[in-house]
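Dear colleague,

I am handing over the structure shown below, together with an account of what was found in it. Please read the account with the structure open beside you.

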Amino acid sequence: LRATRGAAVSVAELDARGGAVRFAGLGNVAATLVDEGGASRSMVSHNGIVGHQAARVQEFGYPFGASTIAVLATDGVRAQWRLDQLPGLA
């Protein structure tokens, strides 16, 4: 990616049976977990650009239930969205 403008990249491994999600992100990646009650929790993505500026990549673990929804988005999606304002999406 050095010959390009670079990229924002994230990887999430969802394990509903094990009750966990493992996540690593670099760049402008918004990653959120939403539980069945509507409570949300952001997952951490470090600043940087893959192919140019990558200070570090770090994996984080979060609880993930069978009814939890993972939402990952990058450029072009407003950061202040709410799932209850998007009927039928869940």
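**The two sheets**

Strands S1 and S2 run antiparallel and are joined by seven bridges. Strands here are DSSP runs of E with at least two residues, numbered from the N terminus, and two strands count as paired if DSSP finds at least two bridges between them. Please keep in mind that this is a predicted model, in which local features need pLDDT of at least 70 and side-chain atom pairs count only at pLDDT 80 or more, while totals for chains, interfaces and linings use all residues. Residues are numbered from 1 along each chain as its sequence is written, and side-chain values use heavy atoms, with hydrogens and water left out.

Within the pairing of S1 and S2, Val 9 has Leu 26 in S2 as its bridge partner. These strands belong to an open sheet of three strands in the order S1-S2-S5, with antiparallel pairing. Its edge strands are S1 (9-15) and S5, each of which pairs on one side only. Neighbouring strands of this sheet are turned by 20 degrees against each other on average, direction ignored; for such angles, axes are lines fitted to C-alpha atoms, and angles run from 0 to 180 degrees between N-to-C directions.

Another open sheet of three strands has the order S4-S3-S6, again with antiparallel pairing. S4 and S6 (69-73) stand at its edges with a single partner strand each, so one side of each has no neighbour in the sheet. From one strand to the next, the twist averages 25 degrees.

**The hairpin of S3 and S4**

Strand S3 (residues 30-34) and strand S4 (residues 40-43) run antiparallel and are joined by four bridges. Together they form a hairpin with five residues between them, and Gly 38 in the turn has a positive phi of about 95 degrees. Which residues of S4 stand opposite Ala 31 and Leu 33? Ala 31 faces Met 43, and Leu 33 faces Arg 41.

Thr 32 is also found in strand S3. Thr 32 counts as buried because its relative accessibility is 11%; buried means under 20% relative accessible area, exposed over 50%, and partly exposed in between (1.4 Å probe, protein chains only). Not counting residues up to four places away in sequence, Thr 32 touches eight residues, among them Ser 40, Ile 69 and Trp 81. Contact here means heavy atoms within 4.5 Å. With neighbours within four places likewise left aside, Ala 31 is in contact with residues including Phe 23, Val 71 and Leu 72. In a regular strand the side chains alternate between the two faces of the sheet.

**The nonpolar core**

The largest nonpolar core has eight residues: Val 21, Phe 23, Val 29, Ala 31, Leu 33, Met 43, Tyr 62 and Phe 64. Such a core is a set of buried Ala, Val, Leu, Ile, Met, Phe, Trp, Tyr and Cys residues joined through side-chain atoms within 4.5 Å. S2 and S3 each supply at least two residues of this core.

Phe 23 lies in strand S2 (residues 20-26). Is Phe 23 buried or exposed? Phe 23 is buried, because its relative accessible area is 1%. The C-alpha atoms of Phe 23 and Gln 58 are separated by 8.3 Å, although the two residues are 35 apart along the chain.

**The salt bridges**

How many salt bridges does a search of the whole structure find? The search finds two, a salt bridge being a side-chain nitrogen of Lys or Arg within 4 Å of a carboxyl oxygen of Asp or Glu. In one of them, Glu 13 pairs with Arg 22, the closest N and O atoms being 3.3 Å apart. Arg 22 also forms a salt bridge with Glu 59, where the closest N and O atoms are 3.3 Å apart. This pair links distant parts of the chain: Arg 22 is in strand S2 and Glu 59 in the loop between S4 and strand S5 (60-63), 37 residues apart. Glu 13, Arg 22 and Glu 59 are thus linked in a network of salt bridges. Glu 13 counts as partly exposed at 45% relative accessibility, as does Arg 22 at 43% and Glu 59 at 49%.

**Confidence**

The chain has a mean pLDDT of 86, and 96% of its residues reach 70 or more. pLDDT is the predictor's confidence in each residue, from 0 to 100.

With kind regards
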